[in-house]
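Hi there,

Here is the structure I promised to send over. My notes on its salt bridges follow below.

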Amino acid sequence: SDARAKLWEFLARASLEHLDVRTSANCFQRVGNFSMAYSLAQLGAHRPLTQLKASVALVLCDYELARRYYVESGDVRSAVCLLADLHEYAQAVELATQAKLTELLPNLVLELAEQSLKNEEFIRAMSQFEEAAGLARATPGKAQLVQRANAGLAMIYLKQGNFARTTELLRAVSDRDVAEHIADTASELRHYVLAAELYAKNAQHDKALGCYIRAASARREDQALLERFVAEHAQHVADKSIFLELGLYYQGIGDARLAEQYIARSGDAVELVKYYLLTRHEPARAEETFARECADSQTAANYLAEYFINSVGDKERAIKYFIFAGRRYEAFRKATEEDLLDVYCDNVGEFDAKEAAAIAHHLHAKRQHAKAGKFYALCADYEKSLVCFIKARDYDAATDLVVKLRSEELFEFLVQIFAGETSLYVEEEGAELALDEPVDALHL
């Protein structure tokens, strides 16, 4: 029961507080806390009392008591490491200094400096980074810490806008991850030229080019830096989409030749179609690019449709590209308004029953009976289909339809019409339709 389990846990902790590790482990095991039982079993009883007390305090999460016991037992190093694990770097530095654990000080002071930097205590962080660098130089095997300290100082100078000092300190930093982090920070602070230089030094050409573009966009005086970088490193750029950003930059400053060159180099055919339409006003090249490179792009088709309907008034092409863009309702509406259903039908591959019925009704109203008959057949309204074929005097189509359906009722009706034995009442015209010319024997 829950009450019984709570009693076992109380006994387990009470035993542990009295340093009866074995009893405590057994109690924890009884309540199913096997991880705690295993941890206690690893402590063992064959160790100095103060060390045992410190280990028990750690298990009980009483870290201050554990630190005190470590110090009392003379294991100051463990106490310092415990404080460092708890991110209590100031106390760790103080204790390590008192115990003259000089080999631990470079790491601890560096961690303390990075903590101060994170808290934006720049003056304190600068002093601590300089102290950490000095300690690291005086301690064998700590050269990597000197680089970390220099990187921290560089970050402070960067945030203060001292780019010369930042660049000077980073010359001694060979760690690529550190350099990238500082470059990212420079970019976030909109120091694009410095960020670009750091990315370039790190062989991150994609990011460098992006920063040079943003630098030139913000300040035209930096365009020369952009052009020099492109001339020297464009072949190393792996992400081709960055060339789209470059092309749009040149489009913005009115350089049509370079804009087209880099938009095409980006491989983004949709943007190239858009560029030819909206900037160059060259619909022929836009259509050529669409057909060759992105015929399945509804976005590109939409650009073409909107251009043809709004800019040049070419309704036939607009209907075609509305269909390609997946906007069939708009294409159909425009086709019926402009009497261009032929264009619509020529560019639609398949029709559902509802769409076929709407087309048939429109054609029937326009008295285009032969075409209406075909669409009535598509929506399975075979009686109307047959009537339309007869109205159009398309007897071959009427005969083929009846033969295909194998409908005796429609067959008898068709024979009577051909034989002149009956006439067809046309509701729309308010008259009867009788064949005023003999039907050849083949049809009959």
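To start with a small one: is arginine 317 buried, partly exposed or exposed? Arginine 317 is partly exposed, with a relative accessible area of 36% (buried means under 20%, exposed over 50%, partly exposed in between, using a 1.4 Å probe and protein chains only). Its side chain meets that of aspartate 314 in a salt bridge at 2.9 Å, N to O; the term stands for a side-chain nitrogen of Lys or Arg within 4 Å of a carboxyl oxygen of Asp or Glu.

Some background: this is a predicted model, where local features need pLDDT of at least 70, side-chain atom pairs count only at pLDDT 80 or more, and totals for chains, interfaces and linings use all residues. Residues are numbered from 1 along each chain as its sequence is written, and side-chain values use heavy atoms, leaving out hydrogens and water. The average pLDDT (the predictor's confidence in each residue, from 0 to 100) is 84 for the chain, and 91% of the residues score at least 70.

The whole structure holds 25 salt bridges. In one of them, arginine 77 pairs with glutamate 103, with the closest N and O atoms 2.3 Å apart. Arginine 77 is partly exposed at 38% relative accessibility, and glutamate 103 is partly exposed at 31%.

Glutamate 260 and arginine 285 form another, at 2.6 Å from N to O. Here glutamate 260 is buried, at 16%, while arginine 285 is partly exposed, at 32%.

Happy to chat about any of this.

Best wishes
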